[in-house]
Amino acid sequence: MNKGEQMADILVVDDDELMIELISDLLIDEGHDVRSAMDGHAGLDAIAKAVPALLILDMSMPGMDGYKVAETLRADPRTAELPIIAFTGLDTSGDYDAAYKAGCNAFISKPLNPAQLIEVVERFVQKVA
């Protein structure tokens, strides 16, 4: 990263604190600004305050799951185009289909593969000079 470059504001919504920490550390090492929320409602509140450049969203959370969060965001003109990466331990074709149907743009399965995370994130965010 060149001096003066800023990376993207990324929001991570996951009910697993250790997973948030791991993802955050990886993305911060890449130069991104990372915010987090521990559940779907808190994620929507964080987005209402400041729409991020990218959302990494756990699909299986208690309360409001990631599917409902994605559907809510797609229904709002302010966030309808927000890139959403589904992140889940569920890894069947039905899970992929459900995530895409809810409005997710990409799918990463757990356990986390750091190289895959960085590659998928870089598809959606660009360096800002």
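1. Let me start with helix α4 in this predicted model. Ser93, Asp97 and Lys101 are exposed, and they sit on the face of α4 turned away from its buried side. That buried side belongs to Asp95, Ala99 and Ala102, in the helix that runs over residues 93–102. These three cover an arc of only 65° around the axis, which puts them on the same side of α4.

2. Next, the salt bridges: a search of the whole structure finds 4. One of them joins the side chains of Arg35 and Asp9, at 3.0 Å from N to O. Arg35 is in strand β2 and Asp9 is in strand β1 (residues 9–13), so this pair ties together parts that are 26 residues apart in sequence. Both partners are partly exposed, Arg35 at 25% relative accessibility and Asp9 at 24%.

3. Have a look at Lys110 and Asp58 too, whose side chains meet in a salt bridge of 3.7 Å, N to O. Lys110 comes from the loop between β5 (106–109) and α5 (114–124), while Asp58 comes from strand β3 (residues 54–58), so the contact ties together parts 52 residues apart in sequence. Here the two ends are covered to unlike degrees: Lys110 is partly exposed at 24% relative accessibility, but Asp58 is buried at 2%. Asp14 joins in as well, since Asp14, Asp58 and Lys110 are linked in a network of salt bridges.

4. Arg123 and Glu119 form a salt bridge within one helix, α5, and their closest N and O atoms are 3.1 Å apart. The two residues are 4 apart in that helix, which means about one helical turn separates them. Arg123 counts as exposed, at 53% relative accessibility, and Glu119 as partly exposed, at 43%.

5. On the surface there is a patch of negative charge, with Asp15, Asp16, Glu17, Asp39 and Glu122 among its members. Helix α1 (residues 17–29) gives the most to this patch, with 4 residues. Asp45 is another member, and its place is in helix α2 (residues 40–49). With 47% relative accessibility, Asp45 counts as partly exposed.

6. A last stop is Ser36, in strand β2 (residues 33–37). Ser36 is partly exposed, with a relative accessible area of 44%. From Ser24 it is 12 residues away in sequence, and the C-alpha atoms of the two are 8.2 Å apart in space.

Note on methods
Residues numbered from 1 in each chain as written. Predicted model: local features only at pLDDT ≥ 70, side-chain atom pairs only at ≥ 80, totals over all residues. Heavy atoms only, no water. Patch = residues over 30% accessible without salt bridge, like charges linked within 9 Å, V, L, I, M, F, W, Y side chains within 5 Å. Areas by Shrake-Rupley, 256 points an atom, 1.4 Å probe, with all protein chains shown as cover. Lys, Arg positive; Asp, Glu negative; His and termini not counted. Charge placed at Lys NZ, Arg CZ, Asp CG, Glu CD. Buried < 20%, exposed > 50% of the residue type's maximum accessible area, 1.4 Å probe, protein only. Arc of directions from axis to C-beta.
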